[in-house]
Amino acid sequence: MIAINYGKDITKTTFDTLIASDIKTYLKQGMKVAIKPNLVKPDIASNGATTHPEVIEGIIQFLKENGIQNISIIENSAVGYCTKQAYKVCGYETLNKKYNVPLIDLKDDKCVTLNHDGIDIKIFQKALDADFLINVPVLKGHSQTRLTCCLKNLKGCIPQDEMKRFHTLGLHKPIAALNVLLKTGYCVVDSICGDLSFEEGGTPVEANRIITGQNPFLVDSYCAQLIGYKPQEIEYFSYGKKYGLGELYSQDTKIVELNSDCKPLASVNSNRTADKYRSLIKEDSACSVCFAALIHAMHRSGGNFSKGKKVCIGQGFRGKSSDCLGIGNCTKGFNSFIKGCPPKAADILSFFES
């Protein structure tokens with residue numbers, strides 16, 4: 001079952017969506033509930049990258065009304081960003097004060113190493129210890145995986161060095177394996193104004209929509225189609241199917257829709273900005289933050305950037321030399337490269353211009 005609601009009062013829209021959903025089937029008194037938003041970076045939600053605090057507030061109100069008191073918010077921001085700063089900038093300190101819900105920086109937590117399909121993955125203990133994990137991603141496009149939603153949002157429950165290692169493993173397979181090892185209790189997708197091209201925001205698209213469902217694999221496959229992708233275009237879905245994460249969205253999926261008169265006037269599809277530049281990029285185990293910065297810079301340059309040269313990015317270029325243009329410290333052996341881990345999109349743009 002997937003429940004969808006539309007509205008501009010984000011807290012109420014979230015609360016009402018949960019009432020219409022089947023989440024009560026899975027809640028039990030005395031549960032230790034952890035809420036995992038997407039605070040990839042310190043940035044306000046209206047820019048399209050981070051989970052609105054109002055969505056989290058609606059979840060907290062719903063849980064408390066249903067007798068759940070042991071609630072925490074957990075997160076570990078992306079490589080190069082500070083989680084505590086993200087909590088502050090994204091407006092989560094207000095939730096802490098208003099509802100006495102602790103904001104946990106998982107970076108301060110210890111890890112447990114678990115294995116699935118030959119992949120060892122370090123996972124933060126507090127994420128594993130929760131009786132019920134509520135996964136609250138932003139529905140966004142992604143420069144490498146095309147979609148980032150429920151399944152990929154669990155990367156915030158692993159250390160930043162592990163995030164980097166996921167890219168050396170191909171990203172898709174470890175994302176699916178992580179979701180086998182760390183179970184989501186329920187999904188609440190923030191589809192208010194996600195950026196449908198970049199995971200770090202900047203070009204938000206207003207949809208005023210909340211999507212809920214118990215199975216992250218089902219919810220993700222539904223959300224992929226909302227922004228214009230077929231399931232076969234999302235590579236980690238194939239691993240999810242292999243690992244038994246669930247069924248893909250189909251015409252048989254039960255959909256409960258509220259306030260359909262508040263829908264956007266047209267369907268919202270990704271503009272696939274990243275796809276326009278793939279033929280110009282040699283990518284080998286690049287981290288998402290670095291890759292996204294590159295795509296931002298290429299987009300901002302108006303196509304005038306490489307002067308016929310290929311652009312190389314990723315950990316696979318460490319220790320190598322080339323006449324191609326290098327992006328990030330991993331390409332420091334190149335004749336021409338921009339330093340940084342990750343470099344800023346503005347610096348990459350200046351690098352192109354020079």
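Four cavities of 30 Å³ or more are present in the structure, which is a predicted model. The largest of these cavities encloses about 290 Å³ of space. Its lining comprises 22 residues, and Val40, Ala78, Lys152, Lys155 and Met163 are those nearest the centre. Helices H6, H7 and H12 are the elements that each contribute two or more residues to this lining. By class, the lining of the largest cavity splits into seven nonpolar, eight polar and seven charged residues.

The second largest cavity has a volume of about 170 Å³. Here 18 residues form the lining, and those closest to the centre are Cys287, Cys290, Gln315, Cys330 and Cys341. The lining of this second cavity consists of ten nonpolar, six polar and two charged residues.

Open pockets were examined next. The largest pocket holds about 260 Å³ of space. Of the 17 residues that line this pocket, Lys41, Tyr81, Glu200, Lys344 and Ala345 lie nearest its centre. Helix H12 (288–300) and helix H13 (345–353) are the elements that give two or more residues to the lining, and H12 gives the most, with three residues. H12 thus appears in the lining of the largest pocket as well as in that of the largest cavity. Eight nonpolar, five polar and four charged residues make up the pocket lining.

For the second largest pocket, the space amounts to about 170 Å³. Its lining includes His167, Gly170, Leu171 and His172, together with Glu235, Arg278 and Glu283. Gln144, Ser285, Ala286 and Phe291 also line this pocket. Sorted by class, the lining of the second largest pocket has three nonpolar, five polar and three charged residues.

Attention now turns to the packed interior. In soluble globular proteins, nonpolar side chains tend to be buried together. The largest nonpolar core in this model has 51 residues, among which Ile121, Leu147 and Ile211 touch the most other members. Strands E1 (2–6), E6 and E10 (186–191) each supply at least two residues of this core, as do helices H6 (150–153), H7 (160–168), H8 (172–181), H9 (216–226) and H10 (235–242). H9 gives the most to the core, with seven residues. Helices H6 and H7 therefore have a double role to follow in the model, since they supply residues to the core and also to the lining of the largest cavity.Strand E6 (residues 119–124) pairs with strand E5 (residues 111–116) in the antiparallel sense, over six bridges. Within this pair, Asn115 stands opposite Asp120 in E6. The hairpin has two residues between the strands, and Asp117 takes a positive phi near 50 degrees there.

The cysteines complete the picture. The structure holds zero disulfides. For Cys157, the closest cysteine sulfur is that of Cys111, and no bond forms because the distance of 11 Å is too far. Cys157 counts as buried, at 0% relative accessibility. Cys187 is likewise in no disulfide, with the nearest cysteine sulfur, that of Cys150, 3.7 Å away; a disulfide would need the two sulfur atoms within 2.5 Å. Cys187 is buried too, with a relative accessible area of 0%.

Note on methods. Residues numbered from 1 in each chain as written. Predicted model: local features only at pLDDT ≥ 70, side-chain atom pairs only at ≥ 80, totals over all residues. Heavy atoms only, no water. Buried < 20%, exposed > 50% of the residue type's maximum accessible area, 1.4 Å probe, protein only. 1 Å grid on protein atoms, 1.4 Å probe; cavity = no way out; pocket = protein on both sides within 12 Å on 5 of 7 lines; lining within 4 Å. Points joined across faces, edges and corners; volume = space filled by probe spheres on them. Helix = DSSP H or I, 4+ residues; strand = E, 2+ residues; numbered from the N terminus. Nonpolar A, V, L, I, M, F, W, Y, C, P; charged D, E, K, R; others polar. Pairing = 2+ DSSP bridges. Core = buried A, V, L, I, M, F, W, Y, C linked by side-chain atoms within 4.5 Å.
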